[in-house]
Amino acid sequence: MQHESLAARIGRVGVWHGGLGRVPAAVARRAAAEIEQLGYGALWFAETPVNESMSQAALLLAATQRITVATGIANIWVRDASAAHAGARALAEAYDGRFLLGLGASHAPLVGARGHDYAKPLAAMRAYLDAMDEAPDDGPTAAAAPGRVLAALGPKMLELARDRTAGAHPYFVTPEHTARAREILGAGPLLAPEQAVLLESDPATARALARAHHTRFYLQLPNYTGNLRRLGFGDEDFADGGSDRLVDAIVAWGDVDAVRRRVQQHHDAGADHVALQPLAADGGLGIEQLRELAPVLLGS
């Protein structure tokens, strides 16, 4: 899939959701159908210990008609490259090219908890892409090969995304990172960062919710803190769920216009597509926030 056609297909704004694999299938199907109806261009979802990317993608694709469904990300330690290649081909062929394979090396603590050895993620990703390219192409296929992107944060992984895939899907990043990523990727490849959002205008409440439902967990993972160090954050920013400065940089909280401004900052920095992750204080899916944001961000 060419970079330009992929960017056009998924549009300027999509949704990233970590909760769709933790709810009953009927709930996930209804949520996916509504996200599509609201006009978002892509639905990204996480692979966790309680859901598997290819089967989850099939469930979401079957519940929708137009939206692109993307793994954000499929963990390369969970399935071999041949299985990933075959699964992506099957989904793209069955659903008119609407499947996008986002690949990532995940994080040492999460990979270790699944019984795998996490080592040299850049080399592992390069070897994985090699093996995918060498996998057999027998059987039915989509008119265009399924697109793939990498969960890239650091310069070397971004270069690999540029050279070997359709682009990059960075997570837990700021508009400044988007600008740096675009510089490395150059003008062609897709750049589709995730952006956490929270429609809450009280600063103390918003920051407390952001820490509880987002930053506290991810600041335990060295890949993210290492990337944040490159952006000028330090140990004092990582303590207790994140400093106010860090929380404000990672989570776009406030009213609809505050979220719109953050999305625009990513676009101005070079993003083709921004994937919104609604943070739900009540443990729900945050669909009501996506409803409120859609008319402003999508012009619907």
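Helix 3 (residues 53-62) is largely enclosed by the rest of the structure, because seven of its ten residues are buried. The model described here is a predicted one. The buried positions of helix 3 are S53, M54, Q56, A57, L59, L60 and L61. These buried residues pack against two other helices, helix 2 (25-38) and helix 4, and also against strand 2, strand 3, strand 4 and strand 5.

One of the elements in contact with the buried residues of helix 3 is strand 5, which spans residues 99-104 and is mostly covered, six of its six residues being buried. In a regular strand, side chains alternate between the two faces of the sheet. In strand 5 both faces are covered: F99, L101 and L103 lie on one side, L100, G102 and G104 lie on the other, and all are buried. Strand 5 pairs in the parallel sense with strand 3 (residues 68-71) over two bridges. In this pairing, A70 stands opposite L100 of strand 5. Strand 4 (residues 74-75) also runs parallel to strand 5 and is joined to it by two bridges. Here the bridge partner of N75 is G104 in strand 5. Both L100 and G104 belong to the side of strand 5 that also carries G102.

Between strand 3 and strand 4 lies a loop that contains I73. The peptide bond joining G72 and I73 is cis, with an omega of about 15°.

Strand 1 (residues 13-17) is likewise mostly covered, with five of its five residues buried. Its two faces are both covered, V13, V15 and H17 being on one side and G14 and W16 on the other, all of them buried. Strand 1 is parallel to strand 11 (residues 274-278), and three bridges join the two. V13 has V274 as its bridge partner in strand 11. A parallel pairing over three bridges also links strand 1 with strand 2 (residues 42-45). In that pairing, H17 stands opposite F45 of strand 2. V13 and H17 lie on one side of strand 1, together with V15. Strand 2 is also among the elements against which the buried residues of helix 3 pack.

Two helix pairs were examined for their packing geometry. Two packed helices are described by the angle between their axes and the distance between the axes. In the first pair, the axes of helix 4 (residues 81-94) and helix 6 (residues 121-134) come within 8 Å and cross at roughly 55°. Angles from 35 to 65 degrees fall outside the parallel and perpendicular ranges and count as oblique, and helix 4 and helix 6 are therefore oblique to each other. Their crossing is right-handed. The contact is formed by A81, A84 and H85 of helix 4, which meet Y128, A131 and M132 of helix 6. By class, the residues of this contact comprise five nonpolar, one polar and no charged.

In the second pair, helix 7 (residues 155-164) packs against helix 8 (residues 175-185) at an angle of about 50°, and the axes are 9 Å apart. Helix 7 and helix 8 are therefore also oblique to each other, and their crossing is right-handed. On the side of helix 7 the contact involves P155, L158, E159, A161 and R162, which meet A181, I184 and L185 of helix 8. The contact of helix 7 with helix 8 has six nonpolar, no polar and two charged residues.

Positive phi values occur at two loop positions that are not glycine, D96 and K120. D96 is placed in the loop between helix 4 and strand 5, and its phi is near 55°. With a relative accessible area of 64%, D96 is exposed, since the cut-off for this class is over 50%. K120 lies in the loop between helix 5 (108-113) and helix 6, and its phi is about 45°. The relative accessibility of K120 is 66%, so K120 also counts as exposed. The exposure of D96 contrasts with the buried residues of strand 5, the strand that borders its loop.

Conventions. Residues numbered from 1 in each chain as written. Predicted model: local features only at pLDDT ≥ 70, side-chain atom pairs only at ≥ 80, totals over all residues. Heavy atoms only, no water. Axes fitted to C-alpha atoms, helices over the stretch in contact; angles between N-to-C directions. Helix = DSSP H or I, 4+ residues; strand = E, 2+ residues; numbered from the N terminus. Parallel < 35°, antiparallel > 145°, perpendicular 65-115°, else oblique. Left-handed = near helix turned anticlockwise from the far one by under 90°. Contact = heavy atoms within 4.5 Å. Nonpolar A, V, L, I, M, F, W, Y, C, P; charged D, E, K, R; others polar. Buried < 20%, exposed > 50% of the residue type's maximum accessible area, 1.4 Å probe, protein only. Pairing = 2+ DSSP bridges.
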